[in-house]
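Biologist: Please take a close look at a single part of this model. I would like the setting of that part as well.

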Amino acid sequence: MRAATVCALMFALSPLVIASADYESTMGLVQKIFYYHMPSAWMFLVSGLVCGVASVRFLITGDARHDRTAWAAAEMAVIFGLVTIVTGPLWARKAWGTFWIWDARTTSSLVQWMVAWAYLILRKYGGPGSEKLAAGLALFGTANVAFIYVSVNYWRTIHPPTSVVPKLPFTMGFPLWYCVAAFTLLFIVLLKLRVRLEEQRATLDSLYLSMDEQG
Amino acid sequence: MIRLAWLILRKDLTVEVRSGEIAYTTLFFAVTCVLVFAFALVREGKPPDDGAAGILWIAIAFAGNLALGRAFERERQAETLRALLLAPAPRPAVYLGKLLGIVVLLAATEAVLVPLIALLFQARLLAHPFWMAAILASGTLGFAAVGTLFAAMLVRARSRDVLLPVLLYPITVPVIIAGVRGTAALLQPEFEGDIVRFWFALLIAFDAVFVTLSLWTFESVMTD
C-alpha cells in the first residue's frame, strides 16, 4: 500500500520533472516522450523475462506459484507493451517522419507483444490444462527473442544503440532515471497485486472444494 | 528411439497413402492460396517484383497450419493419440515420428508449389535448385518443429482450431523472415551467396534450438 502511494506520487510529479529537462537540440518538445517510452519499454522487456523464467520453473517444478507469477507477468507485458507501442509511433512521427518503421526493435517488440497476447488468449480460451501449454508458449517466446532480433537487425536498425543512455547529461539523465524508477515501482506493485489476486482465487477454490467434500 | 520414430512415421504415411485426406486437402488449399495471390497481385500480366518469395512462404505457412491441425485431429477422433502415449515408447520418439510425418507432407506440397509459383509469377525459383531445396528444407523443419509441438499440446484444449495459428505464427516469425529473405536473395539476377548463406545459417540455428526445446518440453506438456 505504501509502495502504491509512493508510486502514485512519483507519477503525479513526473510531468514537473520531465518539464525541467533540457530540450533536445533537433527534436525539441517531442523528444520528452522518451521519458515514458524507454522506461515502459524496459518494463515490457522485464515482464517478458519474468514470464519466461517463471514458466520454465513451472515446467520443471510444477509449482502453481510460478505459474501465477508467469500469468501476472504476461499481463504486465501486454500493458507496458501497449504504453511502448503507443508512445513509440507518436515520437517516431516527428523524429523519423513516419509512424512505423520495420526496424529491428519495433518488429521484435511487436512480435513479443503478440506472443504476450497469445499467452493471455490461450489462458482464457484454452480450457483446463492450458497452464502447461501457456508455459510452453512462454518458453518458446523467450527463446525466440534472439532470433527475431538477429533476423530483423540484419536488414537495418534505426534505434539509437543503448550505449547512449550513460552518456546523457545530468539534466536529461535525472528525469530518465526518475521515470525508470517510477515505472519499475509500478511494475512491482501491479505484479504483486495480480499474483495476490490469483493466490486468493486459488485459496477460495480450495475452500469451496473442501466445503463440498464435507457436504 | 530412431526405430520407434521411423515406425510412427511409417504408420502415418501408410494411413495417408490409403486415405490421402490430409495430402489432398492441404495441396488443394495451398494451390488455391497461390491462385488468390495471382488474382490479387498480377496486373496486366506483370507479376510484382520479389513477390514470389513471400507468396511461396505464405502458402507454406497456411497449408502447414491446416496439415498440422488435421494430423492431430485424426489422432484425437479415434483416441489413438492416447494409445501412442500409453505405448512403452519414449515421448521424444513419438514427437520425432509426428514431426517427420508433417515434414514429408509439407515437402510434397512444396514440390508442387515451387514450380507453380515459378510459372505463375515468372520467378526464377529453380535457378539454384540446391540452395532452394536447402532453404525450403531448413525452413519447413523449423516451422514444423514448433507446429508439431503446439498442435500436440492443443489436442485436448478447447477451441484448438483457432488457437493453433494464434500461437504458431508469432513464434515462427523468424522462420518466415529468413525463408522469405533467403528465397528473395535466390531470385536476384546475380547470385548473392553471402546473403543466402546468412539466412540459411539462421534457419539451421533456429531448427537446432527449437527441435531441442520441443524434445525437452514434449515430455512435460504431454504428461496427463
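Modeller: What follows starts with one residue, moves to a second in the same helix, and ends with the chain and its partner.

This is a predicted model, in which local features need pLDDT of at least 70, side-chain atom pairs count only at pLDDT 80 or more, and totals for chains, interfaces and linings use all residues. Residues are numbered from 1 along each chain as its sequence is written, while chains are lettered from A and ligands numbered from 1 in the order in which they are written.

Take A:Phe183. Its place is helix 6 of chain A, residues 170–214. Helices (H or I, at least four residues) and strands (E, at least two) are DSSP runs, numbered from the N terminus. A:Phe183 counts as buried because it has 26 C-beta neighbours inside 10 Å. The cut-offs are these: a residue is buried if 20 or more other C-beta atoms lie within 10 Å of its own, exposed if 12 or fewer, and partly exposed in between, with C-beta atoms placed from the backbone.

Which residues does A:Phe183 touch, leaving out those up to four places away in sequence? They are A:Pro39, A:Ser40 and A:Met43. Contact needs C-beta atoms, placed from the backbone, within 7 Å. A:Ala116 is 67 residues from A:Phe183 in sequence, and their C-alpha atoms are 19 Å apart.

A:Trp177 also lies in helix 6 of chain A. A:Trp177 counts as partly exposed because it has 13 C-beta neighbours inside 10 Å. A:Pro39, one of the residues that A:Phe183 touches, is 138 residues from A:Trp177 along the chain. The C-alpha atoms of A:Trp177 and A:Pro39 are separated by 8.4 Å.

Now the whole chain. Chain A has six helices and zero strands. Its C-alpha atoms fill a box of roughly 70 × 45 × 25 Å, taken along the principal axes. Of the 215 residues in chain A, 33% are buried. Among its contacts between residues at least 6 apart in sequence, 78% join residues at least 24 apart.

Chain B comes next. 27 residues of chain A are in contact with 25 residues of chain B. On the chain A side, helix 4 (104–125) and helix 5 (130–153) each supply at least two residues. Helix 5 gives the largest share, 15 residues. That side divides into 18 nonpolar, eight polar and one charged. Here Ala, Val, Leu, Ile, Met, Phe, Trp, Tyr, Cys and Pro count as nonpolar, Asp, Glu, Lys and Arg as charged, and the others, Gly among them, as polar.

Conventions: Contact = placed C-beta atoms within 7 Å.
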